[in-house]
Amino acid sequence: MPPRTARLPDALTCLVLGAALALTLPPLQTGALSAVALAALLWHVAHGRDTRQVAGRMFWAASGLCAVHLWWLSAFLGTLFQTPVLGLLALALFALEGSFYALMALVAARLAGSSVLARVWLLAGGWVLLEALRFLGPFAFPWPTLGYSLLPTPMIQIADLGGVLLASALVTATAAALVTFWRHRAAPLWVMAVLWVAALAYGVTRTAGEGPTRQAIVERSTVDVFSKAAENRSAQDFFDVYLRPLKQVPLPEGVPVFLPETAVLDESLLPQVPGPGIYGLYTPLPKGNKAVAWDGQQITAQSDKARPVPFGEFFPLHSTLRPVWRLIENAVGFSLDSLSPAQTLNILPLSGVNYGAYICYDSVFPWVARQLTNKGANVLVNISNDGWYAGWGVQQHFMMGRVRAIENRRWVLRSVNQGIAASIDDLGRPRRTLGRGEGAMQVSFRELRGATIYNRVGDFPALLAAGLMLLLGFMYRRTA
């Protein structure tokens, strides 16, 4: 959506409002203010003089939101493509994300007519629907999802009722209610106040699940993934580096060991792993990354990576935009081939426990952990290579992964490279973490069963809430 309808001072105002909203999202602990920041944004956007200005304002606001929340992507892309200049490609991504929000705002403004309150509520409901869509398709990119702003608060526990999107709906509806209150209509804000009290009561009364206590070994390795791709070293050399942290802790017999994504670059190395466990195995294209269960003698089960990383492992519209990608390939000196996503997700049984293992970027897609839980996973395992991230990206990846524990009421165990290794309980609380240096740790976790409402109905409660916001928007249009 071209931002031609916004003059420079107005565009700067929108950028500041978007940046302010970004500063309420992880890894910052200011999430309780997210509804206020969003209310200011919706107020300004909804007061556009026509539909084009509403869309233009939303373009700049959403671009500012993404630019601040995802500032670290510029460094990542510059390193990935081996030239800082190509880090500027992040600006194109921010503009692309802004365009999606601008299109949503254009539709909402046209449906709302000239009523400011109708625009506000249609924008609020449309925001949640757009977040749901951003989990799907070739441009799926769940950063930033507003529901994560509630992670520092007890209200995030409602994620087991409707996922992180239900938390988003709570934030967006509250923001719309605040704008409505400023327009001298208090009823929606009273309703949201009751819902916030209910969400708070729900959150503070949740208790950890009961189940058999198990043990596992997780590690944090420190492999430079960029040099790993370039250096002429053998798979054995790199595997020895991943095994090194395990030499720092005792390895009790029968306790499974988890190694990060792509720790094993050659399947023939698996007999060297220290006993039963779940290991990140890389196989040649088009298979790519997978998690395998190894019982000490053979692979007993495996599951492929569900969502390859866009612009890292997967290049959207590669065939359609082949001339563009060819220019980039010529600039960086290597072929940009895409990995194939998993066709099915499999449980990895090991020593009587059903593990639901997902790989790196998969952890920010709620449907991945939900599918594994519905297939019988008693504990979730995230093997990851966070060496691709930088700055806030490492912390954001970890914090978003904590919500998977809440949604499914399962412990999450993380074994990572260059990230945060951890055990996270079913309330989303980190029990043990290792975020610096090289090391391994033995962690305890509970083997849990049962299904949450989110497991059963998915995002339906959030989508229902979005529908109610849209309905209220149409009602305000009729009474304008």
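This is a guided tour of the predicted model above, stop by stop.

**Before you start**

Because this is a predicted model, local features need pLDDT of at least 70 and side-chain atom pairs count only at pLDDT 80 or more, while totals for chains, interfaces and linings use all residues. Residues are numbered from 1 along each chain as its sequence is written, and side-chain values use heavy atoms, with hydrogens and water left out.

**Stop 1: the whole chain**

Show the cartoon. The chain's secondary structure comes to 15 helices and 12 strands; helices (H or I, at least four residues) and strands (E, at least two) are DSSP runs, numbered from the N terminus. Now switch to a surface: 58% of the 480 residues count as buried. Buried means under 20% relative accessible area, exposed over 50%, and partly exposed in between (1.4 Å probe, protein chains only). A contact means heavy atoms within 4.5 Å. Among contacts between residues at least 6 apart in sequence, 70% join residues at least 24 apart.

**Stop 2: α3 against α5**

Select residues 51–69 (helix α3) and 89–112 (helix α5). These two helices pack at an angle of about 145°, with their axes 7 Å apart. Axes are lines fitted to C-alpha atoms, for helices over the stretch in contact, and angles run from 0 to 180 degrees between N-to-C directions. The crossing of α3 and α5 is right-handed: a crossing is left-handed if the near helix is turned anticlockwise from the far one by less than a right angle, and right-handed if clockwise.

Turn on side chains to see who meets whom. From α3, the residues include Val54, Met58, Phe59 and Cys66; from α5, they include Phe94, Tyr101, Met104 and Leu106. The residues of this contact divide into 15 nonpolar, four polar and two charged. Here Ala, Val, Leu, Ile, Met, Phe, Trp, Tyr, Cys and Pro count as nonpolar, Asp, Glu, Lys and Arg as charged, and the others, Gly among them, as polar.

**Stop 3: salt bridges from the same two helices**

A salt bridge is a side-chain nitrogen of Lys or Arg within 4 Å of a carboxyl oxygen of Asp or Glu, and the whole structure has 14 of them.

Keep α3 on screen and pick Arg57, whose side chain meets that of Asp10 in a salt bridge (2.9 Å, N to O). Arg57 lies in α3 and Asp10 in helix α1 (residues 8–22), so the pair ties together parts that are 47 residues apart in sequence. Arg57 is buried, with a relative accessible area of 10%, and Asp10 is buried at 12%.

Next, on α5, pick Glu97, which forms a salt bridge with Arg134 (2.9 Å, N to O). Arg134 sits in the loop between α6 (116–133) and α7, 37 residues from Glu97. Glu97 and Arg134 are both buried.

**Stop 4: a small network**

Where do Arg449 and Glu447 meet? Their side chains form a salt bridge (3.1 Å, N to O). Arg449 is exposed, with a relative accessible area of 59%, whereas Glu447 is buried at 3%. Add Arg214 to the selection: salt bridges that share partners join Arg214, Glu447 and Arg449 into one network.

**Stop 5: α7 against α8**

Select α7 (residues 159–182) and α8 (residues 187–204). Their axes come within 9 Å and cross at roughly 150°, and this crossing is left-handed. Among the residues in contact are Leu161, Leu170 and Phe181 of α7 and Met192, Trp196 and Tyr202 of α8. By class, the contact has 13 nonpolar, two polar and one charged residues.

**Stop 6: the cores**

A nonpolar core is a set of buried Ala, Val, Leu, Ile, Met, Phe, Trp, Tyr and Cys residues joined through side-chain atoms within 4.5 Å. Which residues have the most contacts inside the largest core? They are Trp127 and Tyr355, in a core of 130 residues. Helix α7 gives the most to this core, with 14 residues. Apart from it lies another core, of 22 residues, among them Val241, Val249, Val255 and Trp294.

Centre the view on Tyr355. Leaving aside neighbours within four places in sequence, its contacts include Pro256, Phe258, Ile278, Val379 and Phe445.

**Stop 7: two loop residues**

Finish with Leu88, in the loop between α4 (72–80) and α5. Leu88 is exposed, at 52% relative accessibility, and its C-alpha is 8.0 Å from that of Leu77. Then pick Phe139, in the loop between α6 and α7. Phe139 is partly exposed, with a relative accessible area of 31%, and its C-alpha is separated by 9.6 Å from that of Leu96.
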